[in-house]
Amino acid sequence: MSYFGYWGKAKKDSKSDGPDYHLLAYHSLDVAAVGWSLLNPNNKSCQELSSFLELTPKQLQHIFTFALALHDLGKFSGAFQALKLFDTKALHQFKVRKPYDGAKARHDMLGWVLWQLALDEGLDLPFITKQSLPSDILEKTLCTLLDTTWGHHGKPIRPGRLTELEDHLVEANIRHTKSFIEDAANLFQPEWPASFFTADVQRCFRQISWHLAGVAILADWLGSDTRYFPYKTDFLSLAEYWPDALNRAEKAIAATDLFKVFYVQPFAGFQPQFGFKPTPLQQWAATVPIAEGPQLFILEDITGSGKTEAALTLTQRIMAAGEADGFYFGLPSMATSNAMFKRVTSHYQQMYQQDAPSIVLAHGARDMEQSFRDILLPNRSADASYQPDEQTATVVCNEWFADSRKKALLAPVGVGTLDQALLAVLPRRHQALRMVGLHRKVLIFDEVHAADEYMLVLLEDLLQHHARQGGSVILLTATLAQQQRQQLVTRWLEVLGQPTNCEYNNAFPLASQVSSAGLHQVALASRPDVCRTLNVAFLHATSDCVATIVAAVAKGQSVVWICNSVADALAAYKLVSAAIPNPAKCLLFHSRFALIDRQRIEQQVLCTLGKQSAAAERKGKVVISTQVFQESLDADADLMISDLCAIDDLIQRAGRLHRHTRDVNGCYKAGIKDQRPEPLLFVHCPEFTDAPKADWLSAQFRNTQLVYRSAGKLWLGLRVLTRQQAIRMPEDARLLIESVYGEHASKEIPEALWQDELMHHGEIQRKTNKAMQQTIDWSQGYCADSAVKWYEDETDISTRYSDMETVEVVLLKRNAAGQIVLWADGQAYALALSKLKLPKHHADKLIDFAAQYPAQAEQFKQQYRQAKFTRFWLAEDDLNFEYSTQIGFSPKENPA
């Protein structure tokens with residue numbers, strides 16, 4: 001047994017004078033044991049994967065476990081072994097020509113080198129050497145398999161030049177590697193059916209290699225947990241050590257709560273499950289036949305129609321049919337995730353027979369809701385990194401799981417942003433782990449209409465890949481354009497090999513189901529109490545908006561003014577605060593608040609305008625907001641002003657006007673007809689004209705044009721509103737949307753606005769091209785060539801397209817003792833609660849805290865590891881910008 005060696009970890013044993021070593025061979029078996037348990041032949045996941053490869057579950061388990069045992073071959077290199085010197089002859093010490101280089105010659109890359117050299121030496125592998133296979137096919141097939149485990153640090157390896165990398169090795173390393181590979185093969189006895197090496201099966205293997213790569217990452221993380229796999233100094237054979245490793249692996253996996261089997265209740269009916277009678281959409285969800293295999297549902301209905309409960313009903317029925325093991329609810333923003341988390345938490349436990357699984361919420365909202373169970377991998381001692389730029393598995397694991405946004409994907413039930421799911425189709429570190437988290441889950445995406453052209457490309461790619469994995473998806477929307485719906489359906493049908501030349505039903509509301517049986521569509525009715533007409537009036541000057549608000553406040557009404565930019569909201573807040581009798585009754589709500597302040601303001605808005613708000617709380621209150629109001633809040637205004645915006649956004653905003661039925665005093669009462677004066681939506685906009693000038697929008701609404709870009713589409717929306725003089729839902733839903741986004745709508749944009757429209761079309765093309773360039777080529781399998789570039793976990797590659805780059809800033813303050821502390825100092829999750837995002841052109845002009853207080857800045861980065869990619873800002877020292885709990889971030893009126 002000459003290949004036992006140090007694998008990069010040592011800890012001081014307080015009870016002895018010597019270090020406690022974990023030998024490389026044992027760690028390799030620890031990780032293999034975790035993989036063996038994760039691919040248990042009794043698991044549906046293993047059964048599905050093996051069937052796809054024409055293998056038995058046991059064959060797949062043995063083959064992949066063998067590959068996992070070789071994941072750290074690179075640590076057999078003399079350069080890696082030389083990182084630590086020991087005063088024992090039991091461990092080999094090597095002198096190499098080139099020292100270990102964690103940037104250019106990491107151990108994962110050196111594993112590929114040692115494998116190649118061991119192959120050249122002539123490996124004796126059972127069941128393979130007995131087959132007469134061309135060496136090139138054999139080597140290519142095995143490298144494709146091993147790529148999934150060599151990439152256990154979260155990204156595929158990109159092999160370097162063999163001759164250069166050999167300088168990190170000595171001859172003995174190759175002999176030891178060859179011996180270990182052969183011993184591992186004899187231990188696991190992987191069977192290699194001849195069909196495994198055929199082109200068709202290898203094509204299938206490349207498809208599932210993404211899932212196996214994620215399993216390898218997770219196995220390495222769990223197998224590095226020293227609580228369950230303690231360091232050892234005594235020597236055992238692989239066969240002697242293996243049973244103990246298996247036992248420890250089972251305990252380590254059980255402690256995570258990630259893979260426990262939870263039994264789903266058969267759906268008992270809507271009334272027993274939710275306690276109220278179903279809407280037409282909900283009744284359809286409770287009765288539509290659940291198909292076998294992957295299926296896509298698109299639920300289109302107006303705001304307040306119960307789409308969430310319909311989605312949860314479908315999800316329970318899909319899981320009860322054995323087609324899924326959990327679900328992930330993705331929403332457009334963290335704020336909407338907060339609200340949805342509360343709704344899901346109140347219901348999801350009824351979906352299970354006994355114990356309910358863990359539910360995890362996207363990071364930032366944890367302090368808003370403490371009533372959920374959280375999965376936490378046990379705290380483990382952090383290992384010293386091999387080199388400053390190369391962290392150990394446990395360090396990376398702890399950091400990754402400390403971020404609940406990511407952890408929500410692996411939990412049996414997760415609520416978070418759509419972005420966290422979309423990152424699974426971008427070439428970013430740990431992408432494959434996200435893919436494992438989504439496997440056998442129902443993906444529910446709300447407000448899917450909010451996706452722009454860039455996000456839509458990523459969403460389509462995600463849906464196609466999820467369909468290939470056999471997963472199901474439910475999309476919820478109130479304002480999806482027909483072209484978008486057809487595009488999404490077509491992509492799903494393509495994966496299923498079904499005809500795509502379908503006839504589409506243009507009714508609204510509409511429920512669509514796409515499965516191996518094709519496209520099934522049902523026109524539905526809306527719930528009567530959410531069907532309504534909102535009359536529309538137009539205001540063309542800011543002064544008219546202020547006067548309208550002053551008059552409404554005098555009547556005791558509650559008012560919301562939704563602006564299109566933070567700058568416009570700040571200006572409106574100052575004007576309204578100065579105009580109303582009690583400025584304290586005016587509240588500003590936008591995205592440039594630190595999270596702790598944004599949560600506080602959100603709660604204030606809900607107390608003032610939320611469902612249960614009473615007349616005294618609502619009377620004469622004014623909220624000046626941006627798009628965050630329409631995105632996140634179940635709030636209800638007596639009167640609303642909205643700056644002109646895209647028609648689908650306007651419909652969303654209008655959904656917060658008389659959203660809840662109230663009596664004449666303004667108190668919420670279910671089941672009544674609203675007793676307030678007829679609702680009136682004011683649109684703050686340019687005057688409509690059939691012959692607009694080129695600056696029709698930008699002359700008075702510069703920031704609106706910067707946000708929405710297409711003056712032509714805003715003109716189309718204003719035209720249909722001017723003609724209709726109302727928003728009638730649901731009967732006008734298709735008319736309003738298709739008048740702007742229909743196939744031929746853009747041809748009706750006036751000539752004077754076409755120059756801007758052409759620029760807008762060019763931008764759309766840039767968005768789609770960029771998204772297509774950044775997505776992964778799945779057919780290549782898990783390898784470096786599957787993307788132009790693979791990015792780190794915290795980098796600029798994003799799920800959202802923006803030509804205005806944003807920067808995350810950690811807000812600081814001085815406490816009463818004069819010490820510089822986090823803005824949310826003393827709170828749980830103080831770092832997350834002290835963060836705000838700013839446009840880069842503002843962030844770059846902030847006072848440089850690190851230059852002012854270098855020691856303090858370094859102390860913060862050491863104390864808060866997750867802040868290593870963010871910048872700190874002490875607002876009170878800045879001469880150009882300011883921050884307050886009332887107005888958030890803003891430029892100073894008279895900067896230095």
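# A tour of the cores, sheets and ring pairs

Select Phe445 to begin: leaving aside residues up to four places away in sequence, Phe445 is in contact with Tyr328, Gly330, Leu418, Ala421, Leu459, Leu462, Leu463, Val473, Ile474, Leu475 and Leu476. The model on screen is predicted.

A second core, separate from the largest one, has 66 residues, including Phe593, Leu836, Ala843 and Ala875. Return to Phe445, which belongs to the largest nonpolar core; this core has 127 residues, and Trp115 and Phe445 have the most contacts inside it. Colour helix α9 (residues 199-223) next: with 13 residues, α9 gives the most to this core.

Now show helix α18 (residues 431-438). 8 of its 8 residues are buried, so α18 is largely enclosed by the rest of the structure. The buried residues of α18 include polar and charged names to click on, among them Gln431 and Arg434. Just after α18, select Arg440, where phi is positive at about 55 degrees.

**The seven-stranded sheet**

Display the open sheet of 7 strands, which follow the order β13-β14-β12-β15-β16-β11-β17 with mixed pairing. At the edges are β13 (586-589) and β17 (726-729); each has a single partner strand, so one side of each lacks a neighbour in the sheet. Looking across the sheet, neighbouring strands are turned against each other by 20 degrees on average, direction ignored.

Zoom in on β12 (residues 559-562) and β14 (residues 622-625), a parallel pair with 4 bridges. Here Val560 of one strand is opposite Val623 in β14. Then add helix α26 (residues 647-654), which packs on the sheet and touches β11 (532-539), β12, β15 (639-643), β16 (680-684) and β17. The direction of α26 makes about 160 degrees with that of β15.

**Strand β18 and its partners**

Select β18 (residues 806-814) and take its partners in turn. Strand β20 (residues 835-839) runs antiparallel to β18, and 5 bridges join the two; Val810 has Lys835 in β20 as its bridge partner. Strand β21 (residues 871-874) pairs with β18 in the parallel sense over 4 bridges, and Val809 is opposite Arg871 in β21. The antiparallel pairing of β18 with β19 has 3 bridges, with Lys813 opposite Val821 in β19. Follow the chain through the hairpin of β18 and β19: 5 residues lie between the strands, and Gly818 takes a positive phi near 85 degrees.

Keep Lys813 selected and add Trp823. Lys813 lies over the face of the Trp823 ring, 5.8 Å from the ring centre.

**Aromatic pairs**

Show the aromatic side chains; the whole structure has 29 aromatic pairs. One of them joins Phe196 and Phe197, an edge-to-face pair with 5.7 Å between centres and 90 degrees between planes. Phe196 and Phe197 are both buried.

Move to Trp823 and Tyr883. Their ring centres are 5.0 Å apart and their planes stand at 85 degrees, so this pair is edge-to-face. Trp823 is in the loop between β19 (820-822) and α31 (830-833), Tyr883 is in strand β22 (residues 881-884), and the pair links these distant parts of the chain across 60 residues. Trp823 and Tyr883 are both buried.

For the last stop, select Phe66, Trp192, Phe196, Phe197 and Phe205 together: ring pairs link these residues into a cluster.

Technical notes
Residues are numbered from 1 along each chain as its sequence is written. This is a predicted model: local features need pLDDT of at least 70, side-chain atom pairs count only at pLDDT 80 or more; totals for chains, interfaces and linings use all residues. Side-chain values use heavy atoms; hydrogens and water are left out. Rings of Phe, Tyr and Trp (its six-membered ring) pair if their centres lie within 6.5 Å; planes under 30 degrees apart count as stacked, over 60 as edge-to-face and the rest as tilted. Buried means under 20% relative accessible area, exposed over 50%, partly exposed in between (1.4 Å probe, protein chains only). A charge sits over a ring if NZ of Lys or CZ of Arg is within 6 Å of the ring centre and within 35 degrees of the ring normal. Two strands pair if DSSP finds at least two bridges between them. Axes are lines fitted to C-alpha atoms, for helices over the stretch in contact, and angles run from 0 to 180 degrees between N-to-C directions. Contact means heavy atoms within 4.5 Å. A nonpolar core is a set of buried Ala, Val, Leu, Ile, Met, Phe, Trp, Tyr and Cys residues joined through side-chain atoms within 4.5 Å.
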